[in-house]
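Biologist: I have some questions about how the terms used for this fold are justified. Please set each value against its definition.

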Amino acid sequence: MPASLFIEQRPQGLAFYINGDLQFDTADEAVYHEYLVVPAIALAVQRFPNTPLRVLICGGGDGLAARDVLRFAAVAEVILVDYSPEVLELGRTVFRPYNQGSLLEETQTTLGASRITVHTQEAFEFVAGLPDRVFHAVICDFTSPTSPQETRIYSREWFAQLVRVLHPSGVMAENAVSPE
């Protein structure tokens with residue numbers, strides 16, 4: 001999917017746009033990402049006590065949702081899949097001060113193993129290829145769809161795939177943006 005990426009530099013941070021739509025502004029992005037991530041992961045921690053959690057992030061190539069997921073010590077592994085290599089590269093470079101280096105796979109845990117693996121692929125196809133019941137939480141941090149092809153990740157088939165890859169009692173969080 002070809003996309004127009006634009007970064008507006010500001011004295012106190014930046015704003016990032018895809019195809020003219022604001023994706024985040026560093027002035028207030030923490031509110032959005034915390035509300036997307038923290039309740040879901042906190043609930044997963046509660047539902048799976050004393051369990052090393054596996055979390056899937058679909059979208060989120062800017063690394064901001066991953067930053068908040070990785071704040072939880074109970075999270076042992078994060079798999080992030082985003083279709084845009086350009087956004088992922090921005091996440092590893094330009095956005096690094098804001099995402100605290102969350103997309104750098106060499107980021108080490110206290111045990112010496114990386115907790116994040118990043119894949120460049122369409123989320124629907126990636127999830128369709130996963131085994132059943134492998135994640136305790138799924139975070140969907142997608143852009144708003146602007147074409148019929150982009151609505152596939154809001155279909156019954158998509159949600160059936162997410163249910164399939166979640167452990168029973170697993171948690172899913174998805175951004176819900178107003179059509180306006």
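Modeller: Let me begin with the word pocket: it is an open set of grid points with protein on both sides within 12 Å along at least five of seven lines. The model is a predicted one. Its largest pocket has a volume of about 960 Å³.

Biologist: Which residues lie nearest the centre of the largest pocket, and how many line it?

Modeller: The lining counts 44 residues, and Gln-23, Asp-141, Phe-142, Thr-143 and Ser-144 lie nearest the centre. A residue is counted as lining if it has an atom within 4 Å of a point. The largest share, five residues, comes from β3. Among the elements that each supply at least two residues are β2, α1 (29-47) and α5 (123-128).

Biologist: What makes β2 and β3 a pair?

Modeller: Pairing requires at least two bridges. Four bridges join β2 to β3, so by that cut-off they pair, and they run antiparallel. Ile-18 stands opposite Asp-21 in β3. The two strands form a hairpin with two residues between them, and Asn-19 in the turn has a positive phi of about 50°.

Biologist: How do you know that β1 pairs with β2?

Modeller: By the same cut-off of at least two bridges. Six bridges join β1 (residues 5-10) to β2 (residues 13-18), so these antiparallel strands count as paired. Phe-6 in this pairing stands opposite Tyr-17 in β2. A hairpin through two residues joins β1 to β2.

Biologist: What is the strand order in the open sheet of five strands?

Modeller: The order is β6-β5-β4-β7-β8, with parallel pairing. The twist averages 15° from one strand to the next.

Biologist: Why are β6 and β8 called edge strands?

Modeller: Each of them, β6 (116-120) and β8 (166-174), pairs on one side only. For β6, the pairing with β5 (residues 75-82) rests on five bridges, and the requirement is at least two, so the pair qualifies. Val-78 stands opposite Ile-116 in β6.

Biologist: What makes you say that helices α3 and α6 pack on the sheet, and which strands do they touch?

Modeller: Touching here means heavy atoms within 4.5 Å. Helix α3 (residues 85-92) touches β5 and β6, and its direction makes about 150° with that of β6. Helix α6 (residues 156-165) touches β4 (53-59), β7 (135-141) and β8, at about 135° to the direction of β8.

Biologist: How do you know that Cys-58 is in no disulfide?

Modeller: A disulfide needs two cysteine sulfur atoms within 2.5 Å. The nearest cysteine sulfur to that of Cys-58 belongs to Cys-140 and is 4.6 Å away. That is too far for a bond, so the pair fails the test. A search of the whole structure finds zero disulfides.

Biologist: Why is Cys-58 called buried, and why Cys-140?

Modeller: Buried means under 20% relative accessible area. Cys-58 has 0%, so the term applies. Cys-140 also has 0%, and is therefore buried as well.

Biologist: Is Ser-147 buried, exposed or partly exposed, and why?

Modeller: Its relative accessible area is 22%, and because that falls between the 20% limit for buried and the 50% limit for exposed, Ser-147 is called partly exposed. Ser-147 lies in the loop between β7 and α6. Its C-alpha atom is 22 Å from that of Asp-62, 85 residues apart along the chain.

How values were computed
Residues numbered from 1 in each chain as written. Predicted model: local features only at pLDDT ≥ 70, side-chain atom pairs only at ≥ 80, totals over all residues. Heavy atoms only, no water. Axes fitted to C-alpha atoms, helices over the stretch in contact; angles between N-to-C directions. Buried < 20%, exposed > 50% of the residue type's maximum accessible area, 1.4 Å probe, protein only. 1 Å grid on protein atoms, 1.4 Å probe; cavity = no way out; pocket = protein on both sides within 12 Å on 5 of 7 lines; lining within 4 Å. Points joined across faces, edges and corners; volume = space filled by probe spheres on them.
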